[in-house]
Amino acid sequence: MTGLNDPAFFDRYAHEYDGRHTYDPTQTVDFLAGLVPTGGRVLELAIGTGRVALPLATRGISVEGIDGSPAMVEQLRAKPGGPEIPVTIGDMADVAVDGPFQMSYLVFNTLFNLPSQARQVDCFHNVAKVLEPGGLFVIECFIQDVTEFDRNQRVATRALSESAVNMEFLLHDPVEQAITYQRVTFDAKGTTLRPLRLRYCWPSELDLMAQLAGMRLRERYAGWDRSPFTGASRSHVSVYEKL
């Protein structure tokens, strides 16, 4: 069994990941494809089951990937076009591939899977090393609402039926900016545990990580539809440019 901070942790979720986490990639792919020319070489960190990489590749973009979970990559390989996408198995923070790339991207809050600020800084630094001058690093992240916690914890019922209940238990560490989840299903099969730990960042903190890596913020939106980012936004899509 891998630990919460192990890159291969998502092996345990690979068989059900697409079904449990629905994600329409259309706006994401439109946004990303508009940043690089046809034939451009791009790198997806945490490529997973290929939900963004595969449709992006159909736009004429040369997509490569990194992922820490061999089982997630097996799901990618089983899809049409999956075997044609080069994928390196490893920790995405190390970015153990050869550049140069015109763009790298990291979607669905996955930067927060890295366990510490130090590893998140490593990720920015190593992405910058494989980008060409002027190359872009695009990330999608939520903005944590700390008011949802009572004494740094929260319990919620996510779904309820006659035969099952899905609940979520969370602990918040405001010093580490970390949230440890336990998503629990109780049903006729018994109890199923789906743990997760995220280390969230504020947008200003991400901007500083980029600056330390030799990048600058080029643009930021509330979502892939390029809606304006404001103080009320609960998520953001940020585009960093290598200097």
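**Aromatic contacts in the predicted model**

Both Phe31 and Tyr221 are buried, and in this predicted model these two residues offer a convenient way into the aromatic contacts, of which the structure holds seven pairs. The ring centres of Phe31 and Tyr221 lie 6.0 Å apart, with the ring planes at 80°, so the pair counts as edge-to-face, given that planes over 60 degrees apart are assigned to that class. Because Phe31 belongs to helix α2 (residues 26-33) while Tyr221 belongs to strand β10 (residues 215-221), the contact ties together parts that are 190 residues apart in sequence. Phe31 and Tyr221 also belong to one aromatic cluster, which they form together with Trp224.

A further pair is made by Phe124 and Phe137, whose ring centres are 5.2 Å apart and whose planes stand at 80°, so this pair is edge-to-face. Here the contact links distant parts of the chain, with Phe124 in helix α5 (residues 117-130) and Phe137 in strand β5 (residues 131-142), the two residues being 13 apart. Phe124 has a relative accessible area of 0% and is therefore buried, and Phe137, for which the relative accessible area is 0%, is buried as well; the cut-off behind that word is a value under 20%.

Aromatic rings in this model also meet charged side chains. Arg41 lies over the face of Phe101, at 4.0 Å from the ring centre, and Arg51 is placed over the face of Phe108, where the distance to the ring centre is 5.4 Å.

Definitions and conventions. Residues are numbered from 1 along each chain as its sequence is written. This is a predicted model: local features need pLDDT of at least 70, side-chain atom pairs count only at pLDDT 80 or more; totals for chains, interfaces and linings use all residues. Side-chain values use heavy atoms; hydrogens and water are left out. Rings of Phe, Tyr and Trp (its six-membered ring) pair if their centres lie within 6.5 Å; planes under 30 degrees apart count as stacked, over 60 as edge-to-face and the rest as tilted. Helices (H or I, at least four residues) and strands (E, at least two) are DSSP runs, numbered from the N terminus. Buried means under 20% relative accessible area, exposed over 50%, partly exposed in between (1.4 Å probe, protein chains only). A charge sits over a ring if NZ of Lys or CZ of Arg is within 6 Å of the ring centre and within 35 degrees of the ring normal.
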